[in-house]
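Biologist: I would like to go through the terms used for this model and see how each label is earned. Please set each value against its definition.

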Amino acid sequence: MAAKKSGAKTRKPVSEPQKAELVQFYRDMLLIRRFEEKAGQLYGMGLIAGFCHLYIGQEAVVVGVQSVLDPDDQVITGYRDHGHMLACGMTSRGVMAELTGREGGYARGKGGSMHMFSREKNFFGGHGIVGAQVPLGTGLAFANRYKGQDNVCVAYFGDGASNQGQVYEAFNMASLWKLPVVYVIENNQYAMGTSIARASAETELYKRGISFEIPGEEVDGMDVLAVRKAAAKAVQRAREGDGPYILEMKTYRYRGHSMSDPAKYRTREEVQEMREHHDPIEMLKKKLLDAKHVTEDDFKKIEAEVREIVNDSAQFAQDSPEPHPDELWTDVLVESR
Amino acid sequence: MTDILMPALSPTMEEGKLARWLVKEGDTVKPGDVIAEIETDKATMEVEAVDEGVISKLMIAAGTEGVKVNAVIAQISAGDDAPAPKTSGKNKSSAKGAEVHTRSDAKADAAGGKPDDSATEQKARNDGHRLRAPEQKVAAAEGLHDPTLPEGVTYKKTAVRDALRDAIAEEMRRDETVFLMGEEVGQYQGAYKVSRGLLEEFGDRRIIDTPITEYGFAGLGVGAAFGGLKPIVEFMTFNFAMQAIDHIINSAAKTLYMSGGQMGCPIVFRGPNGAASRVGAQHSQDYSAWYGHIPGLKVLAPYDAADAKGLLKAAIRDPNPVVFLEHELMYGIEFDVPEVEDFVLPIGKARIRREGADVTLVAHSRMVKFALDAAEDLAGHGIEAEVIDLRSLRPLDTATVIESVKKTNRIVCCEEGWRFFGVGAEIAAAVTEHAFDYLDAPPMRVAQRDVPLPYAANLEKLSLPNAQDIVAAAKKVCYREVE
Ligand SMILES: Cc1ncc(C[n+]2csc(CCOP(=O)(O)OP(=O)(O)O)c2C)c(N)n1
Ligand SMILES: [Mg+2]
């Protein structure tokens, strides 16, 4: 398959992040953290129901990767998707209102936590079936190539998902056809209650592309700058027509798999150790303070702004009405006029 | 005298040209002799004689176009033997025509539902004023009975999830070859805690945590069953079995048939099916009709704890692949389960949960609850509903349903899934086929609205069928005012 790039734009190279960008990363990660905490609270109040998978602890992955994408690149992920949507620039209000199943949500309440989409932001979901996003993301990359666009699709999936057969079918085609896709494996060490060692014969997931000639790399997924650096390389490579790349992000989720998971399969100490010594937000904060980029007062200001956004979205998500009953029947098929 | 029929040279051929006869009347032919040439738009084929005989009559002139497949083209006399033609040519093909000719006595289908045509006609004529469908044996349910419980039997309040667990444990104690496999069934004790305690009792050789690889472990399970084991494959929910449905259907359901009976597949695929609560479209689908459609499978969908236990034990013992559909919203509900040594129920028998003379309500799985609630409500309006819990979808106990309709003359089929091509459609068809004259109203169906299940609380409620929907439908078939 020939790589033809008629519609290619000139892309600015990804440079070392400057102070303003670093502060932005901090702010983005903090927004996800506070948003997820609020979602957890609303769940506890019965305003959010069903499955709700929080991203707390993994914020550096999506913020670092998204920082090297352009708005016209595509993103796709699984059901642990709130952070990805915020990082893609979707509004807190729209996401939170979808979580409460209200009219103001991204799918007018019809999708819920696991199934949310924004064509405008090139966010292609939000998929509830483990592993499905991998061939889907590969297909988005195929469309880029087909249309002669130099966009890249990033497909995020978990350590558990990386055992699904369809992942490897997609890998093979992506490499065979040199498709512009970056596979970001968010290895948070657990798939529901199963640790990676109990589910995977090869636990170094960045090697999973070897037999398909897809290079891979392990990355400290708790360090937003390391993530950014690795992603920049992988994305550029894919954009230039050199094919797919695998980034295995070593990360950790602090909360249970979903709201109903008591997480008895790991020790309190293990979680504590990650929170205290590897927290992505605290680590960046320290870096910024050490470099004297930012003062404690600046942080307080950011914190206040973020809280304001999150509280506003929570209020919006409660005030927004339930969808009109007629919505039940819309969007099943595209109606031809 | 044997007819030689116009053969079909391809599966889609409907007619062709009889180009040339290579024999004439009075010729003696033996097997392999080419007797004619046939042309289609794609190829020219030769027709061979299969047996010995004398061509007594050529019915179609050479050069005739548009000869329909299966038309008689010649007759051959051969004493007692009946020679049939066979074709050979550039395209290999079988002499369909001859085959059709010798196959006039098609067997009645498995459910015994296919009437003998001549008898039907005869009876219809005798019936006089109106065509009445023949009284037929409609299902294999006769002779199947729940075990008689000993006098003074005690009952234990048991949640559905624990009844399922007890069934698995009892069968695993009884049979070394039974094992359980699935995501989170071991250390996590089951995503819905159905397998609680099993890892402790049976160890990780027989309670096996799998990676998230449904297609792979379903196939592995089928292979293990071919190899002499009796796997119980748990799907975290049946939504995820869609990844594996190829193995359930192509590998498990069809192999016995394809192997001419050599290779059975004693396996149980089980897990929660249907809508949970507020988990959205990809996690809330009812697969009853999907699996009910497939010959080679048995499909069970119990409602209460006793049936869950007795039927799961039967499923594990069954030498066939069984799809066992549970319901997440039923797992925590307690029912009486008889405390007897070995409680096994027959597969293929419905249970009448409530008797009534005015309308039959048919349901399975969680919908039974709504049917019972509806019956209670209807009783308050002077309508006595009979509630039939199907329990088994394949085989389907049509006999019990039809017996009931003969009494009530009205039926409402209730299911949680979509109505299109659904369980209710099947039952309504069976009832119109076998009890048409007894119906005082067209059968009605209560089902999920014909849309993917929405997440929003109000829309989800509007989408799923409930007791009030059943009440309204029942009143309608009783021609009563619906408020
Ligand atoms: C095909 C399929 N099987 C099972 C599930 C149930 N399930 C949802 S999430 C999950 C664990 C996935 O773990 P991982 O891929 O590591 O992602 P994480 O939750 O850690 O982000 C499972 C088993 C599902 N949604 N889809
Ligand atoms: Mg994981």
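Biologist: What makes the pair Lys309(B) and Glu170(B) a salt bridge?

Modeller: A salt bridge is a side-chain nitrogen of Lys or Arg within 4 Å of a carboxyl oxygen of Asp or Glu. In Lys309(B) and Glu170(B) the closest N and O atoms are 2.8 Å apart, so the pair meets the definition. Lys309(B) belongs to helix α9 (residues 305-317) of chain B and Glu170(B) to helix α3 (residues 160-174) of chain B, so the salt bridge ties together parts 139 residues apart in sequence. Helices here are DSSP runs of H or I with at least four residues, and strands are runs of E with at least two, numbered from the N terminus.

Biologist: What is the basis of the numbering and of the values?

Modeller: This is a predicted model, in which local features need pLDDT of at least 70 and side-chain atom pairs count only at pLDDT 80 or more, while totals for chains, interfaces and linings use all residues. Residues are numbered from 1 along each chain as its sequence is written, chains are lettered from A and ligands numbered from 1 in the order in which they are written, and side-chain values use heavy atoms, with hydrogens and water left out.

Biologist: Why is Lys309(B) called buried?

Modeller: Buried means under 20% relative accessible area, exposed over 50%, and partly exposed in between (1.4 Å probe, protein chains only). Lys309(B) has 7% relative accessibility and therefore counts as buried.

Biologist: Which of Asp331(A) and Lys110(A), joined by a salt bridge, is buried and which exposed?

Modeller: Asp331(A) has a relative accessible area of 54%, so Asp331(A) is exposed. Lys110(A), at 18%, counts as buried. Their closest N and O atoms are 2.9 Å apart.

Biologist: How do you know that Arg270(B) and Glu234(B) are buried?

Modeller: Arg270(B) is at 0% relative accessibility and Glu234(B) at 4%, so both labels follow from the definition. The two form a salt bridge with closest N and O atoms 2.9 Å apart. Arg270(B) sits in strand β14 (residues 268-272) of chain B and Glu234(B) in strand β13 (residues 230-234) of chain B, 36 residues apart.

Biologist: What makes the approach of ligand 1 to the side chain of Asp159(A) a polar contact?

Modeller: An oxygen atom of ligand 1 is 3.0 Å from an N or O atom in that side chain. A polar contact is a pair of N or O atoms within 3.5 Å; within protein, one must be able to donate a hydrogen and the other to accept it, and residues adjacent in sequence count only if both atoms are side-chain atoms. The Asp159(A) pair therefore qualifies.
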